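Here's a quick briefing to help you find your way around this structure. Have a look at it first, then use the notes below as a guide.

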Amino acid sequence: MKQVTLTVEGMSCNHCVNSVEGALKNAGAFGKVDLASNTVAVEYDETKVSLEALKEAIEEQGYDIVS
């Protein structure tokens, strides 16, 4: 399993947390949002899903990936 922390702009509430974590889950990854730092810790199997696909899943929810 690969782990990465992404900085995400636009998250401000529990709905945002659920949207981002749900999008990652649907894409085949586990994500844990930290609203205080605007980050999401992502754990995924890189043989099953790419980091780019995970970033797209978050962006499709209306958030911007900074890093």
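Let's start with one residue: setting aside neighbours within four places in sequence, T39 touches T5, L6, T7, M11, K32, V33 and D34. Keep in mind that this is a predicted model. From T39 we can work outwards to the sheet and then to the helices.

**Around T39**
- T39 sits in strand β3, which covers residues 39–44.
- Is T39 buried or exposed? With a relative accessible area of 16%, T39 falls under the 20% cut-off, so it counts as buried.
- The T39 side chain also makes a polar contact of 2.8 Å with the side chain of S37.

**The sheet**
- Four strands make up an open sheet in the order β2-β3-β1-β4, and the pairing is antiparallel.
- The edges belong to β2 and β4, each of which pairs on one side only.
- Strand β1 (residues 2–9) runs antiparallel to β3, and six bridges join the two. As one example, Q3 has E43 as its bridge partner in β3.
- β1 is also joined to strand β4 (residues 64–65), again antiparallel, by two bridges. Here V8 has I65 as its bridge partner in β4.
- As a rule of thumb, side chains in a regular strand alternate between the two faces of the sheet.

**Helix α1**
- Helix α1 takes in residues 14–27, 14 residues in total. Its first and last C-alpha atoms are 20 Å apart, close to the 20 Å expected at 1.5 Å a residue.
- Which residues of α1 are buried? They are C16, V17, S19, V20, A23 and L24. These buried residues lie on the same side of α1, because they cover an arc of only 165° around the axis.
- On the other side of α1, you'll find N14, H15, N18, K25 and N26 exposed.
- The cover over the buried residues of α1 includes β2 (29–34), β3 and α2 (51–59).
- Right after α1 comes G28, with a positive phi of about 100°.

**How the helices lie on the sheet**
- α1 lies across β2 and β3, and runs at about 165° to β2.
- α2 lies across β1, β2, β3 and β4, and runs at about 30° to β1.

Note on methods
Residues are numbered from 1 along each chain as its sequence is written. This is a predicted model: local features need pLDDT of at least 70, side-chain atom pairs count only at pLDDT 80 or more; totals for chains, interfaces and linings use all residues. Side-chain values use heavy atoms; hydrogens and water are left out. Buried means under 20% relative accessible area, exposed over 50%, partly exposed in between (1.4 Å probe, protein chains only). A polar contact is a pair of N or O atoms within 3.5 Å; within protein, one must be able to donate a hydrogen and the other to accept it, and residues adjacent in sequence count only if both atoms are side-chain atoms. Contact means heavy atoms within 4.5 Å. Two strands pair if DSSP finds at least two bridges between them. The expected span of a helix is 1.5 Å times one less than its number of residues. The arc is that of the directions from the helix axis to the C-beta atoms. Axes are lines fitted to C-alpha atoms, for helices over the stretch in contact, and angles run from 0 to 180 degrees between N-to-C directions.
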